[in-house]
Amino acid sequence: MTGLLVEALIKSIVLLLVLLTATAYLTLLERRLLAKFQLRFGPNRAGPLGLLQPLADGLKLLFKESFVPAQVDPIIYWLAPSISMVTALFVYAVIPFGPSIQLFGRSIPLVLADVNVGILVVLATSSIGVYGIILGGWSASNKFSLLGSLRSSAQLISYELTLGLGVIAVVLLAGSLSMVQIVEAQRDLWFVFRFPYGTVAFMLFLIAGVAETNRAPFDLPEAEQELVAGYQTEYGGFKFAMFYIGEYMSVITISALATTLFLGGWYGPPVIGRWLPGIVWVILKIFAGVFWFVWLRATFPRVRHDQLMTLGWKVLLPVGLVNVLLAAVVLALRSR
Amino acid sequence: MLLDWLYVAVFAVVGIIMAALPLAVVWLLAPRADYPQKRLTYESGVVPFGQAWAQFNIRYYLFALIFVLFEVEVIYLFPWAVVFREFINRQLGGFVFVEALLFIVILGMGLIYAWRKGALEWV
């Protein structure tokens, strides 16, 4: 029992440290890539290629004064960023990074916990994450914050439906809610290539994923020209950093989920799939997803709020429902 | 299976500690130089006017209501999706499909109703 606890503890700490480092370097990656898109240099002074920049940023935020504005609701004000960060971290308990590997003479699975309702854990956790934003905006007692958090919650709940419908198509194809079994069901053909329903579900999932992470072109909650910084206006120092970590980590999360649910997880493309180990394929796919997020931000202008809601409710939701039915029909007919 | 949930619990505890630790470090390291003006609520540089917790657009509430309806639908579709292949293998695919079809059509009519009533318009 103690041995198991220690093993779980070591695995958790390693995973969390890797994730936090990846998140820190995602901020640098985004700044460098955006700079390249706009023919600028980006941060390149701290260390070679600016590689020490995230470290400098993190240290700066740790040494910032942490004051609480006079009007806020203090308990919720402290709780909100913590909810944001912890829920963003928690999702990784069930995301598989590869098949088992041999280490110290034992077989170690590259997933912390292969629970049989894995994808439900992910969806439930991301729903709780909405609370961080709502409570953060509400407790700050600032008009910009309140408007930002209202917009954000409307956006998040609208696109959560689409996200769920995209996932249901995957569950139909895999016949399981376990993340590992969903990946194993894609051994022969990635779900994204199950045309048309798999492809449509993938696109729905990606669009909803961008909206769920409050990223451009759906970054209305923090539209800086209208709302200063949205729900995080009254936050500074490390409390701000926690919101920031939460947001960037969910970019990695959506990429990791797209990898697991649609892009075959640790299975590579048909011919060259065996050239690299599974975990390298997972990381490559997640990296591609993250790059896509940054690319999107550099390309598209922000949509209006009514456009956002129209897209979510009048286009994506009906398409998602029809897509689920289509997938079911094709599955039923093919088995004849 | 239970073991996996134990792992999840350990992960959650370590995650909470990882989030709380920097806050403790900040409490220890960060300078303190507080004065009343610093603690003013930000309102583009002027002294805040009135309360922030004011009335807001009723549309947010409407969308939240419709959301609850459809989120429940999505939750009910999950167990159906998991067992669908099993039912196909037992030659009951058509039966199970029609059941889900009825469910989705009824809720789809709900969506059409809300649409026609203008609940999905954002003006």
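How many residue pairs in polar contact does the rule find across the interface of chain B and chain A? Just two, both at pLDDT 80 or more. Keep in mind that what you're looking at is a predicted model.

Let's stay with that interface for a moment. Salt bridges don't show up there either: the rule finds zero of them between chain B and chain A. On the chain B side, helix 1 (2-29), helix 2 (59-89) and helix 3 (93-116) each put at least two residues into the surface that touches chain A. Helix 1 of chain B supplies the largest share, with 19 residues. Sort that side of chain B by class and you get 49 nonpolar residues, five polar ones and 10 charged ones. As for extent, 64 residues of chain B are in contact with 85 residues of chain A. The area buried between the two chains comes to about 6,800 Å², and carbon and sulfur atoms give 79% of that.

So where are the salt bridges? Over all chains, a search of the whole structure turns up six. One of the pairs is D57(A) with R31(A), whose side chains meet at 3.2 Å, N to O. D57(A) sits in helix 2 (residues 53-62) of chain A and R31(A) in helix 1 (residues 2-37), so this pair ties together parts that are 26 residues apart in sequence. Both ends are partly exposed: D57(A) has a relative accessible area of 24%, and R31(A) has 37%.

Next, try R302(A) and D219(A), which form a salt bridge at 2.8 Å, N to O. Here both partners are in loops of chain A: R302(A) is between helix 10 (278-299) and helix 11 (305-334), while D219(A) is between helix 7 (197-212) and helix 8 (224-227), so the bridge links parts that are 83 residues apart in sequence. R302(A) counts as partly exposed at 27% relative accessibility, whereas D219(A), at 15%, counts as buried.

A further salt bridge joins D306(A) and R304(A) at 3.0 Å, N to O; D306(A) is partly exposed, with a relative accessible area of 24%. There is also a network of salt bridges linking E30(A), R215(A) and R297(A).

R215(A) leads us to one last stop, E247(A), in helix 9 (residues 237-261) of chain A. E247(A) is buried yet has no salt bridge. Why not? The nearest side chain of opposite charge, R215(A), is 4.5 Å away, and a salt bridge has to fall within 4 Å. Not counting residues up to four places away in sequence, E247(A) touches T213(A), N214(A), R215(A), E222(A), Y231(A) and Q232(A).

Definitions and conventions: Residues are numbered from 1 along each chain as its sequence is written. Chains are lettered from A and ligands numbered from 1 in the order in which they are written. This is a predicted model: local features need pLDDT of at least 70, side-chain atom pairs count only at pLDDT 80 or more; totals for chains, interfaces and linings use all residues. Side-chain values use heavy atoms; hydrogens and water are left out. Contact means heavy atoms within 4.5 Å. Buried area is the accessible area (1.4 Å probe) that two parts lose on being put together, summed over both. A polar contact is a pair of N or O atoms within 3.5 Å; within protein, one must be able to donate a hydrogen and the other to accept it, and residues adjacent in sequence count only if both atoms are side-chain atoms. Helices (H or I, at least four residues) and strands (E, at least two) are DSSP runs, numbered from the N terminus. Ala, Val, Leu, Ile, Met, Phe, Trp, Tyr, Cys and Pro count as nonpolar, Asp, Glu, Lys and Arg as charged, and the others, Gly among them, as polar. Buried means under 20% relative accessible area, exposed over 50%, partly exposed in between (1.4 Å probe, protein chains only). Lys and Arg count as positive and Asp and Glu as negative; His and the chain ends are not counted.
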